[in-house]
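Open the model in your viewer and keep the selection tool at hand. This tour goes stop by stop, telling you what to select and what is there.

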Amino acid sequence: MSGPFIYIGTNTIKEGKVEQCRKMLNEIAELVETYEPRVIAFNFYLDEPNRTAVCVQVHPDAASMDNHMQVISEHLTTAYDVLEETTSEQLYGPGGDRMVDEFRQWAPNATFTVIEQHQVGFTRSAAT
């Protein structure tokens, strides 16, 4: 059974840049919502006191994540004006292992977790 591709990235925010980070996260979320219709879920969580931002993404497959990286590539070139570093990246689902080298260019010191085998579970759309 093939499950979704899930990405979780944790970043620290530079001192005094929380408001700029909040603006950047909103811009990225709008970009993804507009140009990536295959993305199932895309959420940022912000821990302001600890200057931490976490991105949780759910894609139907690794190809959707590849497309996501292309769509946001321009934003990645300036993201570290606001972010101090990416501390961890978690990739779940087939195709994650091959992405690590690409992701390391943006987060050379991050801890990576890659688990490609989806065992069991389901994804349902939000109730209306």
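Select strands S2 and S3. They run antiparallel, joined by 7 bridges. Now pick out Asp 47. Opposite Asp 47 stands Thr 52, in S3. Keep in mind that this is a predicted model.

Next, add strand S1 (5-13) and strand S4 (83-92) to the view. S1 and S4 pair in the antiparallel sense, over 8 bridges. Which residue of S4 is the bridge partner of Ile 13? Click on Leu 83: that is the partner.

Move on to strand S5, residues 111-115. Here the sense of pairing is parallel: S4 and S5 share 5 bridges. Find Leu 91, and look for Val 114 of S5 opposite Leu 91.

Now show the strands together. They form an open sheet of 5 strands with mixed pairing. Read the order across the sheet as S2-S3-S1-S4-S5. Which strands stand at the edges? S2 and S5 do, and each has a single partner strand, so one side of each is left without a neighbour in the sheet. On average, neighbouring strands of this sheet are turned by 15° against each other, direction ignored.

Turn to the helices. Select helix H1 (18-35). H1 lies across S1, S2, S3 and S4. Against S2, H1 runs at about 175°. Then select helix H2, residues 62-79. H2 also lies across S1, S2, S3 and S4. Its angle to S3 is about 150°.

Keep H2 selected and add helix H3, residues 96-104. The two helices pack at an angle of about 10°, and their axes are 11 Å apart. Angles under 35 degrees count as roughly parallel, and H2 and H3 are therefore roughly parallel to each other. Show the side chains where they touch. From H2 come Ala 62, Met 65, Asp 66 and Met 69. From H3 come Arg 98, Met 99, Glu 102 and Phe 103. By class, this contact has 5 nonpolar residues, 3 charged residues and no polar ones.

Last stop: look inside. How many cavities of 30 Å³ or more are there? The count comes to 1. The volume of this cavity is about 310 Å³. Select Tyr 7, Asn 11, Cys 55, Ile 72 and Leu 76, which lie nearest its centre among the 23 lining residues. Several elements give two or more residues to the lining: S1, H1, S2, S3, H2 and S4. Which element gives the largest share? H2 does, with 6 residues. Colour the lining by class to finish. You will find 18 nonpolar, 4 polar and 1 charged residues.

Terms used. Residues are numbered from 1 along each chain as its sequence is written. This is a predicted model: local features need pLDDT of at least 70, side-chain atom pairs count only at pLDDT 80 or more; totals for chains, interfaces and linings use all residues. Side-chain values use heavy atoms; hydrogens and water are left out. Axes are lines fitted to C-alpha atoms, for helices over the stretch in contact, and angles run from 0 to 180 degrees between N-to-C directions. Helices (H or I, at least four residues) and strands (E, at least two) are DSSP runs, numbered from the N terminus. Angles under 35 degrees count as roughly parallel, over 145 as roughly antiparallel, 65 to 115 as roughly perpendicular and the rest as oblique. Contact means heavy atoms within 4.5 Å. Ala, Val, Leu, Ile, Met, Phe, Trp, Tyr, Cys and Pro count as nonpolar, Asp, Glu, Lys and Arg as charged, and the others, Gly among them, as polar. On a 1 Å grid over the protein atoms alone, a cavity is a set of points where a 1.4 Å probe fits but cannot get out, and a pocket is an open set with protein on both sides within 12 Å along at least five of seven lines; lining residues have an atom within 4 Å of a point. Grid points are joined across faces, edges and corners, and a volume is the space filled by probe spheres set on the points. Two strands pair if DSSP finds at least two bridges between them.
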